[in-house]
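Trainee: I should like a close look at the salt bridges of this model. Please set them in the context of the whole chain.

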Amino acid sequence: MSDSHHHQSTQPQQQQGSFNRPVHHFHPEDHHQEDSSSMSDSGDAKVAKLQAATDKALFDLVQCQQNLQESENAVQVVKGLLRELDEEEQQRVKVADTKLPELLALLVAAKDSHVTATKRYETNQRYLELYKQKAAC
């Protein structure tokens, strides 16, 4: 929240300061030939940004995989404990009295997060490959 507030408070100052500086406008007639190095730099910047986003998406995916595995393990432990109870105790114990409903809710959330993280990583990876190919041309 402080970043957005800070950004909002500095934005008018930047706009105000821009009146004092000369502004360079791009005019096609001023540039008969495209500067391939600047286009390459722009492409390289896009690839670098996308690489950073893909790396972050991979990190998030690994975290989600770990959370999913931990949730699955916790559910299996509780289920195992419930199965180990003798029949009389199993009949007395209500599932709602255990941590199982809470763990199942966490498992569902972990699965959803994992699916989302997987899709984000795969999408970023696809675009990264496309931008790399485009930048190589």
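Mentor: The account below begins with the chain and then turns to the salt bridges.

This is a predicted model, in which local features need pLDDT of at least 70, side-chain atom pairs count only at pLDDT 80 or more, and totals for chains, interfaces and linings use all residues. Residues are numbered from 1 along each chain as its sequence is written, and side-chain values use heavy atoms, with hydrogens and water left out.

The protein chain holds four helices and zero strands; helices (H or I, at least four residues) and strands (E, at least two) are DSSP runs, numbered from the N terminus. Of its 137 residues, 15% count as buried, where buried means under 20% relative accessible area, exposed over 50%, and partly exposed in between (1.4 Å probe, protein chains only).

Confidence is expressed as pLDDT, the predictor's value for each residue, from 0 to 100. The mean pLDDT of the protein chain is 77, and 70% of its residues reach 70 or more. Among the elements, helix H1 (residues 2–18) has the lowest mean, 38, and helix H4 (residues 100–136) has the highest, 94. Over residues 1–39, pLDDT stays under 50, and the model has five contacts beyond four places in sequence for this stretch; a contact means heavy atoms within 4.5 Å. Where pLDDT is low, the predicted coordinates should not be read in detail.

As to the salt bridges, a search of the whole structure finds two. The term denotes a side-chain nitrogen of Lys or Arg within 4 Å of a carboxyl oxygen of Asp or Glu. Side chains of opposite charge can pair when their charged atoms come close.

One salt bridge joins the side chains of Asp60 and Lys56, at 2.8 Å from N to O. Asp60 and Lys56 are separated by about one helical turn, because they lie four residues apart in helix H2 (residues 36–84). Lys56 is partly exposed, its relative accessible area being 47%.

The other joins Glu88 and Arg92, whose side chains meet at 3.7 Å, N to O. These residues are likewise four apart, here in helix H3 (residues 87–92), so about one helical turn separates Glu88 from Arg92. Both Glu88 and Arg92 are exposed.

Helix H4 offers a further point of reference in Glu102. With a relative accessibility of 47%, Glu102 counts as partly exposed. Its C-alpha atom is separated by 9.4 Å from that of Val75, and the two residues are 27 apart along the chain.
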